[in-house]
Every structure is written in C-alpha cells, then in structure tokens.
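Trainee: I have a model open and want to learn how to read its sheet and helices. Where do we begin?

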Amino acid sequence: MRNVLITGCSSGIGYCVAKGLRERGYQVFASARKPEDVEKLEREGFKTLQLDLADPESVQDAVYELMLRTNSELYAVFHNGAYGQAGALEDLSREALEKQFATNVFGWHQLTNMLLPLFRQRNEGRIIYNSSLLGYVALPYRGAYNASKYAIEGIADTLRLELVNTDIRVCLIEPGPIESRFRANALQALKQHVNIERSPHRSSYEGTIRRLEKVGSAAPFTLPPEAVLTKVIHALESSNPKIRYPVTFPAHLFWALRRLLPTKWLDRVLLKISSEETQ
C-alpha cells in the first residue's frame, strides 16, 4: 500500500480524490483545516491529519505526525487545499493578498520542502500540484487567485528542473470549472476583504456576487470532481506522467488560445467572458 497525502479534503476535489484513491488501494492521509472536517473524515474511516496551510507550525506538526505514522515512507503528495480571494486588485489590501499566498503558495512550498527528504530517501515519489486554468490566463476580479496559481506554475516548473536527476516526478493538474464549494468560499472572502460599497467596481461586483451565489454550475462545461481524480490517478501510476493535465474543455481551449493568439486578442476574449459573467 502506497502512502499518499492529500490536502484540502473537506469537500470537492480533495474529498473526491481521497475517496477515489482509497478505493483504489492507496493508504490515504486526508487533511483538512477545521477540526470538525477532520472528525467527519475520521467517521468515514479515513486516516486524517489536521493541517492549516496558512500556519507554519500546523504544517510542521502535520508532517512530523505523518512521518511517525508512515515510518517516513511516502509515495506522493497531492497539493489541493486552497481558496479563491475574489475582488479587483485595487480593492485588496496587502493583508488580503498575503493571506491568499499563505494558504495557496507558502503552505504548499513549506510542505513540499519538508516532504522532499522522504522522497529523496527512496529516490521516488510524485509531487502533484492542483493548479488551474487561471494559472496561465487571467480574468478580472480574480487577481489574487490568479497570482497564486501563476506562482504555483512557476514553482512546479522550476522544481521539475531541479529534480531532473531523480525519480521524483512533478505534475500540474489544471482544472477549469469543477463542481465544488469553491464559489461559496470565494464569496465569503470577497465580503470579508472588500468594501464593495466604496469600490469603483461596485456595479461589476453585483454580477460577481450573483455568479458566486448561483446554485449549481455557474459556467459552461463544468465537470464533477471525478474528472480531476482521473488525471491524478494517471499522474500517480504512469511510468511517464505528463507535466500538465488540463481538465475540462475551457482548460484545453485557453491553453491553445494563449499559445496562438496575440495578447491583445486574448485580452478581448477574456474581457468578453468576464462581461458576460457579471451581467
């Protein structure tokens, strides 16, 4: 049984991947930030860790516990725990941006660095980052999340080069719209960190809030989280895993458009999409 650590397992992609890999025979360590979510996972029979990616001590404690419970034998980590800070960049304080990066980037980096000695010890392993199509194209009012995913893309690409002489593989999963609680969490972050009434973007926020509050799929071509699970399985089990795994039609489309279109033309497409979303 190969040990796999998954972050952000309270719902959505993380929960789906944890459940799917456990059914496939992996020994899954499912982590979550809130104690009540950890307890819920325990009731379902998961091996669990409480892990708050924004808290360096929490990351450190979780890794030490993982080492004790696995005899320092780990095959893979699936970095998934994250949230999206919505809002125009000019409305976001430095504190809001730091919070976004603390969870989405700095916590992932610390966790990777603490786990790398375990992978090097066996000269094997898989480091899988759940990025986004917003890691290679930008949309208005998603700047903080865009920046965090662009950062993860850069970290993964660099780490892959630095590990080229090992059998440790680095992969990026790049989903488009996936069914999850992501919008609900983004709405909460928007209301917490943005003074909507005093913003020059107030009229656009009305459409943003409608999109985030919408029940069900808010974008065309939305897929269930099982679509991500399929890619994670390939990244774990292929002898020659892909560097990037786009998920959903929009992820494939925008990867192609980014390479083919001049930047100004791509901007027009992205602005049109944003305009339709906020109407």
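**Sheet and helix packing**

Mentor: Begin with one bridge: Phe-29 has Lys-47 as its bridge partner in E3. This is a predicted model, where local features need pLDDT of at least 70, side-chain atom pairs count only at pLDDT 80 or more, and totals for chains, interfaces and linings use all residues. Residues are numbered from 1 along each chain as its sequence is written, and side-chain values use heavy atoms, leaving out hydrogens and water.

Trainee: How many bridges join E2 to E3?

Mentor: Strands pair if DSSP finds at least two bridges between them. Strands (E, at least two residues) and helices (H or I, at least four) are DSSP runs, numbered from the N terminus. Here 4 bridges link E2 (residues 27-32) to E3, and the two run parallel.

Trainee: In which order do the 7 strands lie?

Mentor: The open sheet reads E3-E2-E1-E4-E5-E6-E7, with parallel pairing. E3 (47-50) and E7 (244-247) are the edge strands, each pairing on one side only.

Trainee: At what angle do H4 and H5 cross?

Mentor: Angles run from 0 to 180 degrees between N-to-C directions, with axes fitted to C-alpha atoms, for helices over the stretch in contact. The axes of H4 (residues 94-122) and H5 (residues 143-162) cross at roughly 20 degrees and come within 8 Å. That makes the two helices roughly parallel (under 35 degrees).

Trainee: Which residues of H4 and H5 meet?

Mentor: Contact means heavy atoms within 4.5 Å. Among those meeting are Leu-97, Phe-101 and Trp-108 in H4, and Ala-144, Ile-152 and Leu-159 in H5.

Conventions:
Parallel < 35°, antiparallel > 145°, perpendicular 65-115°, else oblique.
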